[in-house]
Amino acid sequence: MRESQAAEARPYHHGDLRRALIDAASRLLEAEGPSALSLRAVAREAGVSPAAPYHHFKDKGELLDAVAHEGWTLLDQALAAAKAKAPSAGDAMSELGVTYVCFARENPALYRVMYDTARDKETLPYEMKESEDSAYCKVRDTMIEAGADPAEGHDIELATVAAWCSAHGLAEMAGFRQFDHLKEACGGERAFFKAVFQHMGLVPKHPAH
């Protein structure tokens with residue numbers, strides 16, 4: 001019943017097969033976890049034939065890479081929106097961190113796949129770091145806007161890594177019940193995240209003159 005309902009609710013439109021498969025994989029991922037993903041299962045979810053996915057993906061690994069790419073794109077969009085709303089570069093740093101953690105909390109399976117597919121590769125995903133519009137570069141550039149010296153390339157890189165690792169660590173631990181009293185004291189989970197980032201001191205100070 002579920003398969004026929006899926007096909008009826010999400011009819012495949014000619015010319016958009018790749019998008020339909022990625023969307024189907026994303027739904028399965030969040031509903032049932034990575035172990036539930038297979039090209040056959042994704043085909044059923046998308047309402048297409050079992051052979052259809054092979055027109056775009058040679059195996060499950062390629063499909064997961066495509067889903068991860070979608071995740072990095074969504075994260076980048078979320079960070080861009082957060083930065084645009086921040087009144088200052090200093091505020092933007094904490095807002096980027098909060099948005100990152102919230103994204104991980106709201107998309108736990110997708111978030112895990114984003115990192116799992118990158119872990120064994122020689123380079124980080126292009127859409128994560130190498131593109132000048134990437135999420136990683138947004139953090140780096142915001143640090144420079146907040147006062148970091150752009151000429152200190154090595155220090156900027158280390159500071160960006162520190163900020164990224166801090167957000168990743170908080171995302172991993174954000175659901176711990178031991179933090180419930182702090183969330184309540186701060187006025188909610190998002191306010192708790194912001195308070196944590198404000199205490200990390202990751203925004204570089206303006207150099208002394």
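In this predicted model, Arg140 and Asp141 form a salt bridge in which the closest N and O atoms lie 2.9 Å apart. Asp141 counts as partly exposed, because its relative accessibility is 23%. The structure holds 11 salt bridges, and those described below include two pairs that link distant parts of the chain. The packing of helix α4 against helix α5 and the surroundings of Ala31 complete the briefing.

**Salt bridges between helices**

- The side chains of Arg19 and Glu70 meet in a salt bridge with an N to O distance of 3.0 Å, and this pair connects helix α2, which holds Arg19, with helix α4, which holds Glu70, across 51 residues of the chain.
- Arg19 has a relative accessibility of 30% and therefore counts as partly exposed, since the partly exposed class lies between the 20% limit for buried residues and the 50% limit for exposed ones.
- Arg19, Asp23 and Glu70 belong to one network, joined by salt bridges that share partners.
- Glu45 and Arg27 also meet through their side chains in a salt bridge, again with 3.0 Å from N to O, and here the link runs from helix α3 (residues 39-46), where Glu45 is found, to helix α2, where Arg27 is found, the two being 18 residues apart.
- Within this second pair, Glu45 is buried because its relative accessible area is 4%, whereas Arg27 counts as partly exposed because its relative accessibility is 29%.
- As a general point, side chains of opposite charge can pair when their charged atoms come close.

**Packing of α4 against α5**

- Helix α4 (residues 60-85) and helix α5 (residues 89-106) pack with their axes 9 Å apart and at an angle of about 145 degrees, and the crossing of α4 and α5 is right-handed.
- On the α4 side, the contact is made by Gly71, Leu74, Leu75, Ala78, Leu79, Ala82 and Lys83, which meet Ala92, Glu95, Leu96, Thr99, Tyr100 and Phe103 of α5.
- Sorted by class, the contact of α4 with α5 comprises nine nonpolar residues, two polar residues and two charged residues.

**Surroundings of Ala31**

- Ala31 lies in helix α2 (residues 17-32), and because its relative accessibility is 58%, Ala31 counts as exposed, the cut-off for that class being over 50%.
- Although Ala31 and Ala109 are 78 residues apart along the chain, their C-alpha atoms are separated by 8.6 Å.

Terms used
Residues are numbered from 1 along each chain as its sequence is written. This is a predicted model: local features need pLDDT of at least 70, side-chain atom pairs count only at pLDDT 80 or more; totals for chains, interfaces and linings use all residues. Side-chain values use heavy atoms; hydrogens and water are left out. Axes are lines fitted to C-alpha atoms, for helices over the stretch in contact, and angles run from 0 to 180 degrees between N-to-C directions. Helices (H or I, at least four residues) and strands (E, at least two) are DSSP runs, numbered from the N terminus. A crossing is left-handed if the near helix is turned anticlockwise from the far one by less than a right angle, and right-handed if clockwise. Contact means heavy atoms within 4.5 Å. Ala, Val, Leu, Ile, Met, Phe, Trp, Tyr, Cys and Pro count as nonpolar, Asp, Glu, Lys and Arg as charged, and the others, Gly among them, as polar. Buried means under 20% relative accessible area, exposed over 50%, partly exposed in between (1.4 Å probe, protein chains only). A salt bridge is a side-chain nitrogen of Lys or Arg within 4 Å of a carboxyl oxygen of Asp or Glu.
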